[in-house]
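This report introduces a single structure to a reader who has not seen it before. It begins with strand pairing, then turns to the metal site and the helices.

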Amino acid sequence: MLYGIIADIHGNLEALDVVLRELRPADRLICAGDIVGYGPNPNECLQLIRGRNVQAIAGNHDKAAVGLMDTSRFNDSARRAIEWTGDQLTQANRKYLTDLPLLLESPDFQVVHGSLRSPLDEYIFGLQAASPTFEIMSKDLLFVGHTHVPLRLKEKGKEIINPGAVGQPRDGDPRASFGLYDSGKRSFIFRRVEYNVAAVQEKMRIAGLPASLIERLRAGV
Ligand code: ZN
């Protein structure tokens, strides 16, 4: 089975569109959370995710956009964007986000946004933060998102992989990040693809979204 693994789309339709085109060969698509927040096209991204039968779990922005998560720890720009996002959502998309589970268990792997001990909050940037999650993994492979940085960690025969962010990369490379997992070969490859950053930035300006969020897309930070 060939899985397309994506995460942290953040309402960036141009990036999602290009990534889904690259993932056409995949048998199944998996999203490790944060479909909305920051970007200008939350409803359109949700339509694509739902239309393509992507199996998704919730990110902190997904739950915050429907009022199911406290935003007091969000910075000002993130909070403004999440309030804007909440105002845009259609009833059907609101329900979809409300119903998103925190954890996905497939025969081949698990999927969570942050970490297994704190699905919506904890960031796994390295082995130290990953250690408690490694201990409670029920499969030997876990996909995460949340940091927006591609990462692959191994410990005692287990693996945690972050495919990076589709819609707001933070590793200094502005191209959309994603991955392909071949469960037969047990192999994962990271992929990057360019998309029309300027078009997204223009939509964000028109929507009145914070300037800092518009700027960071160009630099990939
Ligand atoms: Zn995110």
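Two strands count as paired if DSSP finds at least two bridges between them. The model described here is predicted. By that rule strand β6 (residues 141-143) pairs with β8, since three bridges join them, and the two run parallel.

**The open sheet**

Strands β6 and β8 belong to an open sheet of five strands, arranged in the order β4-β5-β6-β8-β7, with mixed pairing. Its edges are β4 (103-105) and β7, each of which pairs on one side only. On average, and with direction ignored, neighbouring strands of this sheet are turned by 15 degrees against each other.

Three of the pairings are set out below.

| Strand pair | Sense | Bridges | A residue pair |
|---|---|---|---|
| β5 (residues 110-112) and β6 | parallel | two bridges | Q110 and L142 |
| β6 (residues 141-143) and β8 | parallel | three bridges | L141 and E159 |
| β7 (residues 151-155) and β8 | antiparallel | five bridges | K154 and E159 |

E159 of β8 therefore appears twice in the table: it is the bridge partner of L141, and K154 stands opposite E159 as well. Is strand β8 mostly covered or mostly open? β8 (residues 158-162) is mostly covered, with four of its five residues buried.

Strands β7 and β8 form a hairpin that has two residues between the strands. In this turn K156 takes a positive phi of about 45 degrees. Helix α6 (residues 127-136) lies across β6, β7 and β8 and runs at about 55 degrees to β7.

**The zinc site**

Which residues coordinate the zinc ion? The ligands are D8 (OD), H10 (NE2), D34 (OD) and H148 (NE2), at 2.1 to 2.2 Å. Along the chain these donors follow the spacing D-x1-H-x23-D-x113-H. D8 and D34 link distant parts of the chain: D8 is in the loop between β1 (2-6) and α1 (13-22), D34 is in the loop between β2 (28-31) and α2 (42-51), and the pair is 26 residues apart.

The angles among the four donor atoms range from 86 to 178 degrees, and the site is classed as irregular. A tetrahedral site would need all angles between 85 and 135 degrees, and the angles here reach 178 degrees.

Both D8 and D34 are buried. For D8 the relative accessibility is 0%, which is why D8 counts as buried.

**Positive phi outside glycine**

D8 also has a backbone feature to note: its phi is near 50 degrees, a positive value in a residue other than glycine. R186 is likewise not a glycine and has a positive phi of about 55 degrees. R186 is placed in the loop between β9 (176-182) and β10 (187-193). Is R186 buried or exposed? R186 counts as exposed because its relative accessibility is 54%.

**Two helices in contact**

Two packed helices are described by the angle between their axes and the distance between the axes. For α2 and helix α5 (residues 91-99), the axes come within 10 Å and cross at roughly 65 degrees. The crossing in which α2 passes α5 is left-handed. On the α2 side the contact involves N43, L46, Q47, I49 and R50, which meet A92, N93, Y96 and L97 in α5.

Definitions and conventions. Residues are numbered from 1 along each chain as its sequence is written. This is a predicted model: local features need pLDDT of at least 70, side-chain atom pairs count only at pLDDT 80 or more; totals for chains, interfaces and linings use all residues. Side-chain values use heavy atoms; hydrogens and water are left out. Donors are N, O and S atoms within 2.8 Å of the metal (3.2 Å for Na, K and Ca); water is not among the atoms, so sites may look incomplete. Four donors count as tetrahedral if all angles lie between 85 and 135 degrees; four count as square planar and six as octahedral if opposite donors are over 155 degrees apart and all others between 65 and 115; anything else is irregular. Buried means under 20% relative accessible area, exposed over 50%, partly exposed in between (1.4 Å probe, protein chains only). Axes are lines fitted to C-alpha atoms, for helices over the stretch in contact, and angles run from 0 to 180 degrees between N-to-C directions. A crossing is left-handed if the near helix is turned anticlockwise from the far one by less than a right angle, and right-handed if clockwise. Contact means heavy atoms within 4.5 Å.
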